[in-house]
Amino acid sequence: MEKKKEESTEKEELTLQNVPKAVNYLINEIAEMRSVLEHIESQLGLGVDKHRPIDEDRAAEILGQTRNVIKKMVRAREIPYYDKGRKVYFFEDELVKWVEESRVKTWSEEYKKNKRLY
């Protein structure tokens, strides 16, 4: 039944009388799409809220390390961090990007790359 309603709405000719109905339909569709996108972002761990300062404990949780390992990486400057006074901060999105930059290519990818060189 819902499918029939959608099809009839799509096929209706836009007139001055049904503009409010069409606008309301579009607003509802956009709200539904926004809800779906927010759900997908949360499932994938994406979103604008990822660029906020986090502490060593949260950084350790994200990277699957202990707090001591994170502190050691900071001292060795092996990980992107910020030093504000006596407190160390990280940004979640920067940590994820840092991990992604160290991706190791599969054998298949290496083979394709080497094959193109010859």
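Two strands pair if DSSP finds at least two bridges between them. The legends below apply that criterion to a predicted model.

**View 1. Three strands form an open antiparallel sheet in this predicted model.**
The strand order is β1-β3-β2. Strands β1 (53-54) and β2 (82-84) are the edges, each pairing on one side only. Strands of a sheet pair through backbone hydrogen bonds, either parallel or antiparallel. Here the pairing is antiparallel.

**View 2. Strand β2 meets strand β3 (residues 87-91).**
Three bridges join the two strands, which run antiparallel. Which residue in β3 is the bridge partner of Y82? The partner is Y89.

**View 3. Helix α5 (residues 92-100) lies across the sheet strands β1, β2 and β3.**
The helix runs at about 65 degrees to β3. That angle is taken against β3, but α5 lies across β1 and β2 as well.

**View 4. E56, D57, R67 and K71 are linked in a network of salt bridges.**
Side chains of opposite charge can pair when their charged atoms come close. In this network, K71 forms a salt bridge with E56. Their closest N and O atoms are 4.0 Å apart. The cut-off for a salt bridge is within 4 Å. The pair links distant parts of the chain: K71 sits in helix α4 (residues 67-75) and E56 in helix α3 (residues 56-63), 15 residues apart. Are K71 and E56 buried or exposed? K71 has 31% relative accessibility, so K71 counts as partly exposed. E56 has 12% relative accessibility and therefore counts as buried. The threshold for buried is under 20% relative accessible area.

**View 5. R67 and D57 form a salt bridge between helices α4 and α3.**
The closest N and O atoms of this pair are 3.6 Å apart. R67 lies in helix α4 and D57 in helix α3, so the contact ties together parts that are 10 residues apart in sequence. R67 counts as partly exposed, at 39% relative accessibility. D57 is partly exposed too, with a relative accessible area of 42%. Both residues belong to the network that also holds E56 and K71.

**View 6. E61 and R58 meet through their side chains in a salt bridge.**
The N to O distance is 3.0 Å. Why are they separated by about one helical turn? Because E61 and R58 are three residues apart in helix α3. E61 counts as exposed, at 57% relative accessibility. R58 is partly exposed, with a relative accessible area of 29%.

**View 7. The whole chain puts the close-ups in context, with six helices and three strands.**
From the N terminus on, the elements run α-α-β-α-α-β-β-α-α. The chain has 118 residues, and buried residues make up 14% of them. Its accessible surface comes to about 10500 Å². Carbon and sulfur atoms account for 55% of that surface. Among contacts between residues at least 6 apart in sequence, 43% join residues at least 24 apart. How many salt bridges does a search of the whole structure find? The search finds six, including K71 with E56, R67 with D57 and E61 with R58.

Definitions and conventions: Residues are numbered from 1 along each chain as its sequence is written. This is a predicted model: local features need pLDDT of at least 70, side-chain atom pairs count only at pLDDT 80 or more; totals for chains, interfaces and linings use all residues. Side-chain values use heavy atoms; hydrogens and water are left out. Helices (H or I, at least four residues) and strands (E, at least two) are DSSP runs, numbered from the N terminus. Buried means under 20% relative accessible area, exposed over 50%, partly exposed in between (1.4 Å probe, protein chains only). Contact means heavy atoms within 4.5 Å. Accessible areas come from the Shrake-Rupley method with a 1.4 Å probe; for residues, only the protein chains shown count as cover. Axes are lines fitted to C-alpha atoms, for helices over the stretch in contact, and angles run from 0 to 180 degrees between N-to-C directions.
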